[in-house]
Amino acid sequence: MPTALITGIAGQDGSYLAELLLSKGYRVLGIDHLSSIATYEHLKHFQDDLTLLEGDLLDQGSLVAILEQYSPDEVYNFAALSFPEGSWSRPVVTGDITALGVTRMLEAIRLVCPKARFYQASSSEMFGVVREVPQTENTPFYPRNPYGVAKVYGHWITVTYREMHQIFACSGILYNHESPRRGLQYVTRKITHGAARIKLGLADEIRLGNLDARRDWGYAGDYVEAMWGMLQQDQPDDYVVCTGETHSVREFCEAAFSHVGLNYQDYVVQDERFYRPAEAKLLVGNPEKTQTKLGWKPRVSFEELVTMMVDFDLQYLGKEIL
Ligand code: GDP
């Protein structure tokens, strides 16, 4: 039975990946902040199948101890302060966890179990002020916030350990990927949760920023399959994971509200507070390498993603008011 360690297991991607690996017969170990694990929100339906450990990317010794005890075959690193806009309020700690944390884990792997395969969760935020459209694995980075800068460091230290220490280390450059487990601070879940609240009579408006902003949005459940696929190849490499399609925030609103029989224009209020000082421009990826080399394709379409999220929020909020 192969063993996998997932950092940030309590988050959206960690929980989907844990389910995927369990279905493939892995023993799954996870670390996360105690406060996230305590709520178990995304893990509660299968928490007994996991081994949850205390560890921290700020604490090298904790990583070494875990690797010595369990000697995992695969390590997936999701632990990060993961909200790009939020990184402005904690730029230094963002660097410590999201950037240096990657080195701490890679160094622990090099010292304890150099044969372990490593996945680094990189991000399209690294492209920021995009240098070309669409972006590929070779597009130069130009991040626009502390999160993006920290992720660029994480990407390059992953490449460096691969090339200089022969660690099987892969960097997955993922575009926005959403699901019913997405945090409410992200625009997609804010919209689906808001539309469901309005439908149920719990609210009468939602306040948003730039409705013309566009993103390449995919389904997190599909994207974790690409991550696993990267670690099953003969050679480690970097991959852009995306749909190659963009939609605007406005289109997301239209789809979400029309799914519950409403017109978004009656409920969406634009509010200066939610505009970005520096908006990332035309973030859209080219998924060709990932599709060709891994044989990966997203299964869930944009419309299916929106309806899945709205249906979940309707059900979730519906239970709360019963
Ligand atoms: P990320 O910034 O790409 O990680 O993802 P978000 O979901 O936070 O934002 C996606 C896009 O939605 C950005 O271009 C935002 O400017 C836009 N947006 C418009 N209104 C809002 C809002 O109320 N909240 C958030 N988070 N984003 C918004």
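These exercises with worked solutions walk through a predicted model of a protein with a bound ligand.

**Exercise 1. The ligand shell**

Find how many residues surround the ligand, and work out which of them are the closest.

*Solution.*
- Step 1: Start with the count. The ligand is surrounded by 18 residues.
- Step 2: Pick out the closest ones, which are Lys190, Gly209, Arg215, Arg276 and Glu279.
- Step 3: Sort the shell by residue class. The residues divide into 8 nonpolar, 4 polar and 6 charged.
- Step 4: Look for the elements that contribute. Helix H6 (187–199) and strand S8 (206–208) each supply at least two residues of this shell.

**Exercise 2. Backbone atoms at the ligand**

Which residues place a polar backbone atom beside a nitrogen or oxygen atom of the ligand? Then find how much of the ligand's area the protein buries.

*Solution.*
- Step 1: Take the ligand's nitrogen atoms. One nitrogen atom is 3.0 Å from a polar backbone atom of Gln185. For Gly209, a backbone N or O atom lies 2.8 Å from a nitrogen atom of the ligand.
- Step 2: Turn to oxygen. An oxygen atom of the ligand has a backbone N or O atom of Val187 at 2.8 Å.
- Step 3: Now consider area. The ligand taken alone exposes 540 Å², and the protein buries 96% of that.

**Exercise 3. The setting of His42**

Is His42 buried or exposed, and which residues is it in contact with beyond its neighbours within four places in sequence?

*Solution.*
- Step 1: Locate the residue. His42 sits in the loop between helix H2 (34–39) and strand S3 (50–53).
- Step 2: Apply the cut-off. Buried means under 20% relative accessible area. His42 has 18%, so it is buried.
- Step 3: List the partners. With neighbours within four places in sequence left aside, His42 is in contact with Ala10, Gly11, Gln12, Ser15 and Arg181.
- Step 4: Check for a polar partner. A polar atom of the His42 side chain lies 3.3 Å from the backbone oxygen of Arg181.

**Exercise 4. Unusual backbone geometry**

Find where Ser71 and Gln166, two residues with positive phi, are located, and say which peptide bond leading to Pro134 is cis.

*Solution.*
- Step 1: Begin with Ser71. Its phi is positive, about 40 degrees, although Ser71 is not a glycine. Ser71 lies in the loop between helix H3 (60–70) and strand S4 (74–77). At a relative accessible area of 45%, Ser71 is partly exposed.
- Step 2: Move on to Gln166. This residue is not a glycine either, yet has a positive phi of about 55 degrees. Gln166 is in the loop between H5 and strand S6 (168–174). With a relative accessible area of 60%, Gln166 is exposed.
- Step 3: Finish with the proline. The peptide bond from Val133 to Pro134 is cis, and its omega is near -10 degrees. Pro134 belongs to the loop between strand S5 (117–123) and helix H5 (146–165).

**Exercise 5. Helix H7**

Why can helix H7 be called largely enclosed by the rest of the structure?

*Solution.*
- Step 1: Describe the helix. H7 covers residues 220–231, which is 12 residues. From first C-alpha to last, H7 reaches 18 Å, close to the 16 Å expected at 1.5 Å a residue.
- Step 2: Name some buried residues. Among them are Tyr223, Val224, Met227 and Leu231.
- Step 3: Draw the conclusion. Because 10 of its 12 residues are buried, H7 is largely enclosed by the rest of the structure.

Notes. Residues are numbered from 1 along each chain as its sequence is written. This is a predicted model: local features need pLDDT of at least 70, side-chain atom pairs count only at pLDDT 80 or more; totals for chains, interfaces and linings use all residues. Side-chain values use heavy atoms; hydrogens and water are left out. Helices (H or I, at least four residues) and strands (E, at least two) are DSSP runs, numbered from the N terminus. The expected span of a helix is 1.5 Å times one less than its number of residues. Buried means under 20% relative accessible area, exposed over 50%, partly exposed in between (1.4 Å probe, protein chains only). A polar contact is a pair of N or O atoms within 3.5 Å; within protein, one must be able to donate a hydrogen and the other to accept it, and residues adjacent in sequence count only if both atoms are side-chain atoms. Contact means heavy atoms within 4.5 Å. A residue is near a molecule or strand if one of its heavy atoms lies within 4 Å of it. Accessible areas come from the Shrake-Rupley method with a 1.4 Å probe; for residues, only the protein chains shown count as cover. Ala, Val, Leu, Ile, Met, Phe, Trp, Tyr, Cys and Pro count as nonpolar, Asp, Glu, Lys and Arg as charged, and the others, Gly among them, as polar.
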